[in-house]
Amino acid sequence: AITIGETNGPEFGAGSQTFNPVFGATRNPYDLSRTCGGSSGGAAVALACGMIPIADGSDMGGSLRNPANFCNVVGFRTSPGRVPIWPSETPWFPLGVQGPMARTVEDVALLLQVMAGPDSRVPISIEQPGDLFAGSLKRDFKETPVAVSIDLEGQIPVHSDVRQALAPAEQVLSDLGSQVQQAAPDFRDADNIFKVFRAWRFAMKYGPLMEKHREQMKETVCWNVEQGLTLSGMQIAEAARQRSQLLERVHRFFQKHEFLLMPVSQVPPFDVDVPYVQQVEEVSMETYIDWMQSCYFITVTGLPAISVPFGFTSDGLPVGIQVIGRHHDERGVLELAYALQQATGTWKQAPAIALGESG
């Protein structure tokens, strides 16, 4: 492979909106007044515009999934340990992973073959070779139990444009022969779990830097560091206990359902000049990351999740669908994502700017 270079991203990859004081904002190729998402926003735009065939990135709160969703490409958050991360200051850290992006599910599987595989230096490395993802992704989904939930059964607010774009999901799955049910796991405490461990990580990684260069750092990053510096041992212990209970509830859910389908992002691409979403369907967002609960609730489960193109809003903005699979079942997630890709053909609609068209 020939490495082209590094694409644009937000400062420290924080916040699902790609802008920084060095290179400015990366705009959505489907509407230049909107954001491309983040943190792998530059990668998603480069893919959507045909500049590159594949890209890689990291995902803690949605950094592979959100920009793929906003730019009509594919972004795959893999299971922790599927793509070994080395060197790492926190090799046991369960939230941050690395994974592939591409225009199609097949290309994502191709890159994952290279990225995945065991590494004895990484304690959570999965002992399966990358060629697990080689070969055809075609599969018969007849009688496959699939859960669908646009708002996690009332647990998160979702913009009406996203709801409308994803409305055909149940019918598409039924046409594939799947047994479709509206259902979702109980995600109580997921918000606290993610925010505690994210803050702990930010304090550990960026705390010393903030002490020396606070005036140069993005305010939301400093806020997240400060949240970590004020954590007590009992707060971290409680988040760990809550996560254990959440994992048990999710495990029981996936005994009944092989997959869960839901929105990637709770909102469509928003104004590129707005740093982050502050309200979703009249529900106020308390922090700069609250609007991404649809991504980071899944993060804390450790399950593989992919963003695959699905539809468009009435004004032509991309809306992807998130496919979540069982423990370590990246192969199954890729197969269902491929089936959805073939059924909708949404990925074929390139942005006008990439086609040399005006508007």
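Is E281 buried, exposed or partly exposed? The points below answer this and describe the rest of the predicted model.

1. **E281.** This residue is partly exposed, because its relative accessible area is 41%, and the partly exposed class lies between the limits of 20% and 50%. E281 sits in the loop that connects β11 (279–280) with β12 (283–284). Its phi is near 50°, a positive value in a residue that is not glycine.

2. **E143.** A positive phi, near 70°, is also found at E143, again a residue other than glycine. E143 belongs to the loop between α3 (105–115) and β8 (145–148). With a relative accessibility of 46%, E143 counts as partly exposed. As background, most residues other than glycine have a negative phi, and most peptide bonds are trans.

3. **Cis peptide bonds.** The bond from G38 to S39 is cis, with omega near 15°. S39 is placed in the loop between β4 (31–35) and α1 (41–48). The bond from W86 to P87 is cis as well, with omega near 0°, and P87 lies in the loop between β6 (74–77) and β7 (97–102).

4. **G9 and its surroundings.** G9 is found in the segment before β1 (19–20). Its relative accessible area is 19%, so G9 is buried; the cut-off for this class is under 20%. Beyond its neighbours within four places in sequence, G9 is in contact with T18, F19, N20 and S39. G9 and G41 are 32 residues apart in sequence, yet their C-alpha atoms are 5.9 Å apart in space.

5. **Overall form.** The protein contains ten helices and 14 strands. Its radius of gyration is 19 Å, which agrees with the value near 21 Å for a compact globule of 359 residues. The C-alpha trace spans about 55 × 50 × 45 Å along the principal axes. Among contacts with a separation of 6 or more, 74% join residues 24 or more positions apart.

6. **Nonpolar cores.** Of the 359 residues, 56% count as buried. The largest nonpolar core has 86 residues, of which L261, W291, V323, L334 and L340 touch the most other members. Helix α6 (residues 190–213) supplies the largest share of this core, eight residues. Another core, of 14 residues, lies apart from it and includes A44, C71, V73 and M101. In soluble globular proteins, nonpolar side chains tend to be buried together.

7. **Surface and charge.** About 15400 Å² of the protein is exposed, and carbon and sulfur atoms supply 51% of this area. There are 27 positive and 39 negative side chains, and the centres of the two sets lie 4 Å apart.

Key
Residues numbered from 1 in each chain as written. Predicted model: local features only at pLDDT ≥ 70, side-chain atom pairs only at ≥ 80, totals over all residues. Heavy atoms only, no water. Helix = DSSP H or I, 4+ residues; strand = E, 2+ residues; numbered from the N terminus. Buried < 20%, exposed > 50% of the residue type's maximum accessible area, 1.4 Å probe, protein only. Contact = heavy atoms within 4.5 Å. Rg over C-alpha atoms; globule rule 2.2 N^0.38 Å. Areas by Shrake-Rupley, 256 points an atom, 1.4 Å probe, with all protein chains shown as cover. Lys, Arg positive; Asp, Glu negative; His and termini not counted. Charge placed at Lys NZ, Arg CZ, Asp CG, Glu CD. Core = buried A, V, L, I, M, F, W, Y, C linked by side-chain atoms within 4.5 Å.
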